[in-house]
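Student: I would like to test some labels against their cut-offs. Please take me through this model.

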Amino acid sequence: MSTKSPELRDLRVYVSSTSDDLEEYRVAVIAALRKMKTIKPVGMEDYVSGGRPPIKKCLDDVSKCDIYVGIFAWRYGSIPRGYKKSFTELEYSKAVGVGIPPLIFLLNEKFDWLHKHYGNEKDQLRINALRKKLKRVGDVTFFTDPQDLAIKVLAAVSIKQREIDKDRMAKIQSEQYAQVGTANSPEQKASIQQAITLEQEAMRQQSLKTQQVKREPIPIQLPKLRGLFVDREIEQDILFQYLRKADNRLVVIIAPGGYGKTELATKVLKDIAPGTSIVANDVHGILYMRCAKGDINLGKIFDGAGKIAGKADEFLKVYTSKEMTLARKLEFFFNELTKVGNVWLVMDNFEDLLDTNDDSIKDDELREFLETAVAIKHNVRLIVTSRAVPKFKGSRKIEKIDLSSGLPEEQAIRYLREEGTEYGLGNEDENVLRTFVSRVHYIPMALVSVLGYLHEHHAITLGELLADDSLFLDFDRHDIKEGLKNLVLQQIKSISPDAQLALSVLSIFSKPTSFPTLHYLLQGIEKGEFDAILTCLEKNRLIIHNNGYYDMHPVVRSLAYERIPESEPSGNGKDSGKDGEAAVLTRCGLHKKAAEFFEKLRKPEKDWRTIADLEPQLEEIHHLMRAGQYDEAARVLGIIDFDYLQLWGYAGIVIELREQFIRKLKDTYLASVNAGYLGTAYRRIGRVLESLSYLEQAIQGAKDNNDKGGIGAWLGSLALAHWYLGEIREAFEYCEQALTIDREIGYRRGEGVWLGNLGDACFIEGDFNKAVEHFLQALEIAKNIENSILTSDVLIPLAYAFHYHSKLPDAEKHYRESLKFDVPLNICQSAVLLGILLLEKGESAKAEVSTEAEDFIKRGISLCRQILEKTPDLFKQLYKLALALLASGDSQASLETYRKAITTCSAKGVVKRALMDLSLLERAAPNIEGLAGARKLLTRALDG
């Protein structure tokens with residue numbers, strides 16, 4: 001009788017998905033699975049041409065696997081000949097049919113997905129139905145980017161593998177013990193028992209092997225270590241001890257600039273991240289928030305925490321709620337993160353959020369956030385780095401790690417010996433080292449700086465350097481800030497002129513910069529020599545090189561930038577580089593050159609899909625403004641503003657940039673244009689009175705410049721502002737004036753825009769026939785000049801007019817046509833309105849229509865939220881989101897969103913249109929809960 005049972009074999013995991021749209025995701029998942037020593041991933045990557053049709057090969061492979069992983073985005077995929085379902089759905093059905101456990105992963109509905117990765121209309125209906133089915137029949141996991149998916153697949157497969165191995169081991173042991181019972185003698189029984197013991201040990205080893213998975217880093221964006229960190233083992237241990245105590249919920253790391261606050265926090269985070277995953281027992285999530293320049297608020301903290309908790313929508317809903325008090329919102333915040341486990345929240349450079357007079361927290365919400373953090377029980381641990389201790393109610397409960405005394409003496413000396421061996425510090429007299437570290441007050445940045453100085457001056461010893469009292473005068477006077485500044489300045493002055501020039505160039509950039517960018521500004525230096533200069537600067541510890549990008553400590557950046565003259569000195573203001581080419585030494589000149597570089601990186605307009613494609617122009621604008629060339633910066637912004645930045649939902653960026661141009665533009669034409677675009681941006685976020693003021697300035701400026709095109713443009717925009725205010729007669733008059741001007745100058749696009757707006761005015765006034773006539777004229781112009789944005793702009797009100805007057809087939813046709821154009825602000829509105837139309841149609845048609853209606857409404861909700869993340873005050877999207885939420889059955893969220901929309905813009909024309917939208921929903925689904933409450937809110941706002 002055999003005593004040998006089958007060994008536990010490696011598990012086969014079948015990875016199923018569509019291909020082109022999810023190629024990058026498949027690569028990440030399969031790479032992650034291959035790191036598991038007992039897993040063999042199987043998928044289309046393994047296939048080669050053979051004699052059997054591909055679908056038979058796929059289904060056969062599925063049946064031979066132990067786990068099925070299905071990844072679904074927004075494409076249904078191809079259907080093999082002879083079948084009615086796609087490859088992916090057939091593979092899923094096969095897995096379920098043969099009893100293979102399925103792990104299903106769906107792309108998060110809020111995640112920004114490329115338009116080209118959606119299927120056609122028929123394909124979209126199929127994938128929507130499949131996703132709905134998958135959510136209905138089992139648990140699903142939502143994912144965003146490839147790394148997020150890989151981590152979640154790895155975690156789910158690990159859990160499922162342990163379940164499968166446990167069942168296998170139980171079965172094997174049962175068989176083995178059955179053998180013991182059939183033994184004919186004590187000797188045979190002992191032999192079988194020994195074999196069982198040996199196999200149990202083999203199983204245990206196999207189980208350990210299963211768990212030997214290379215853990216992935218926590219998916220967060222940490223700051224890069226600048227290479228200036230002096231290993232503070234004691235402070236690291238103290239920080240960990242504080243964070244492990246249940247009653248220590250907030251730790252503040254305090255010190256002036258240059259003492260290594262960010263370095264300490266980052267070192268701790270980077271040390272734990274490689275050994276931690278989201279499913280580990282130690283740290284379940286880290287949220288890093290950079291507070292520099294005050295660019296942080298409670299909304300951003302809620303957003304990041306929601307992603308960690310996997311409840312982004314719920315966190316957003318709570319934060320924006322008008323019904324909940326801030327205390328209740330914060331209670332929800334900490335309770336939900338406690339459910340996740342041990343979560344760390346790091347708030348770096350917190351001093352930028354403090355009042356400079358008394359170190360109190362300027363933002364009321366953030367102050368209450370910290371007060372709550374130290375007052376209630378939870379598992380969240382807050383780490384704050386700051387130059388001062390924040391003052392707030394309950395601040396005595398916080399723990400502090402004060403770095404302002406510098407490093408411990410022995411640690412500072414050890415650092416100098418280890419890092420300064422090549423400069424003779426390894427054998428330096430102990431008293432010399434003690435004298436130096438004491439004289440510079442044990443500041444890490446000072447130790448790093450002196451090593452850089454000695455690297456450049458090999459002939460000088462540390463003792464000789466100490467003899468230069470002028471170098472340490474400020475330190476001796478206990479003016480540590482000036483002392484550090486003087487020491488770093490001496491370090492900078494000690495390097496070659498070309499190296500100083502390279503350092504100056506890097507200092508004009510506020511973030512890590514690539515070699516080509518830097519070299520473009522100093523083309524007179526050969527690439528090889530420039531590379532050597534950067535290497536020297538790195539060895540001198542003045543810059544940091546990381547993955548092809550160069551950066552510097554803020555102290556070095558500030559000092560290097562201050563040394564660049566604002567204007568040309570006497571002579572020509574230039575220093576000759578190699579090959580006789582002059583290198584510009586002024587701040588203005590360097591920023592001009594940087595702007596020139598980014599101008600060359602511009603993408604063609606046909607390739608503009610997201611704001612990332614406009615990054616070169618935004619960088620160019622930044623450097624032009626730093627160079628004082630506001631007119632040129634305004635011209636560059638004019639290229640991307642209105643049709644792109646604003647129509648993609650980035651009105652906030654437009655306002656931020658254009659506000660900086662006020663009273664700085666010399667060209668009166670550009671000043672008029674800036675006022676006009678600024679007025680348009682303010683109108684988009686509902687600040688209509690400010691919009692009117694800027695538009696009136698723009699019209700006057702255009703008149704002064706005899707700019708007929710400008711007069712027409714800003715008159716038309718003024719018409720829209722009056723339309724929002726409910727002043728239809730004024731809107732009609734301004735629109736007719738704009739139309740007359742654009743017809744005179746032959747500006748066809750303007751003619752189409754104003755015809756469309758006139759159509760809207762006629763529709764509001766109740767003249768349906770005249771409205772449709774104007775819309776059709778505008779649509780003809782838009783198609784003749786092949787302008788997709790104008791075409792999309794006209795199709796929606798045309799469809800709406802038919803929809804409102806119950807001409808559903810015509811309305812549906814135009815809504816669907818508008819969805820073909822890549823204009824996000826319009827697509828989200830069309831999706832919501834088409835969904836409501838299909839709800840009405842579904843009352844007397846097939847059930848499939850209602851299913852499609854739900855899908856369009858959900859798509860509208862997702863798109864509205866994506867846009868509102870960019871500019872939260874876009875009132876059109878807020879009102880449409882509220883309508884869609886109501887249609888989806890989420891009446892509470894709908895009413896909260898309506899309240900926010902009314903707060904953002906309660907102009908009578910806007911509220912009147914929202915009531916008209918509501919009447920369409922009432923007609924389509926009269927029994928939906930919350931309709932009466934929504935109408936009451938809007939009616940009250942209209943009457944008020």
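Tutor: Start with β3. Ile67, Val69 and Ile71 point one way from β3, while Tyr68, Gly70 and Phe72 point the other way, and all are buried. Note that this is a predicted model: local features need pLDDT of at least 70, side-chain atom pairs count only at pLDDT 80 or more, and totals for chains, interfaces and linings use all residues. Residues are numbered from 1 along each chain as its sequence is written, and side-chain values use heavy atoms, with hydrogens and water left out.

Student: Why is strand β3 called largely enclosed by the rest of the structure?

Tutor: Buried means under 20% relative accessible area, exposed over 50%, partly exposed in between (1.4 Å probe, protein chains only). Six of the six residues of β3 (residues 67-72) are buried, so the strand is largely enclosed. Strands (E, at least two residues) and helices (H or I, at least four) are DSSP runs, numbered from the N terminus.

Student: What makes β1 and β3 a pair?

Tutor: Two strands pair if DSSP finds at least two bridges between them. Four bridges join β1 (residues 11-16) to β3, so the definition is met. These two strands run parallel. Ser16 has Gly70 as its bridge partner in β3. Five bridges join β3 to β4 (residues 102-107), again in parallel. Tyr68 stands opposite Pro102 in β4.

Student: How do you know that β11 and β12 stand at the edges of their sheet?

Tutor: The open sheet of three strands has the order β11-β13-β12, with antiparallel pairing. β11 (513-514) and β12 each have a single partner strand, so one side of each is left without a neighbour in the sheet. Three bridges join β12 to β13 (residues 549-551). Asn546 has Tyr549 as its bridge partner in β13.

Student: Why is Asn540 called buried?

Tutor: Its relative accessibility is 0%, so Asn540 counts as buried. Asn540 lies in the loop between α21 (527-539) and β12 (544-546). Contact means heavy atoms within 4.5 Å. Leaving out residues up to four places away in sequence, Asn540 touches Gly452, His455, Glu456, Gln491 and Ile495.

Student: What makes Leu559 buried?

Tutor: Leu559 has a relative accessible area of 4%, so the label buried applies. Leu559 sits in helix α22 (residues 554-562). Beyond its neighbours within four places in sequence, Leu559 is in contact with Lys485, Val488, Leu489 and Ile492. The C-alpha atoms of Leu559 and Asn486 are separated by 9.5 Å, though their positions lie 73 residues apart along the chain.

Student: And why is Cys58 called buried?

Tutor: Cys58 has a relative accessible area of 5%, so Cys58 is buried too. Cys58 is found in helix α2 (residues 54-63).

Student: What makes a set of residues a nonpolar core?

Tutor: A nonpolar core is a set of buried Ala, Val, Leu, Ile, Met, Phe, Trp, Tyr and Cys residues joined through side-chain atoms within 4.5 Å. The largest one here has 135 residues, and Tyr879, Tyr898, Leu921 and Leu938 have the most contacts inside it. Helix α35 (residues 824-842) gives the most to this core, with eleven residues. A second, separate core of 66 residues includes Tyr453, Leu503, Ile508 and Leu534.

Student: Which residues does Leu921 touch?

Tutor: Not counting residues up to four places away in sequence, Leu921 touches Ile836, Leu839, Leu883, Leu886, Ala887, Pro926, Ile928 and Leu931.
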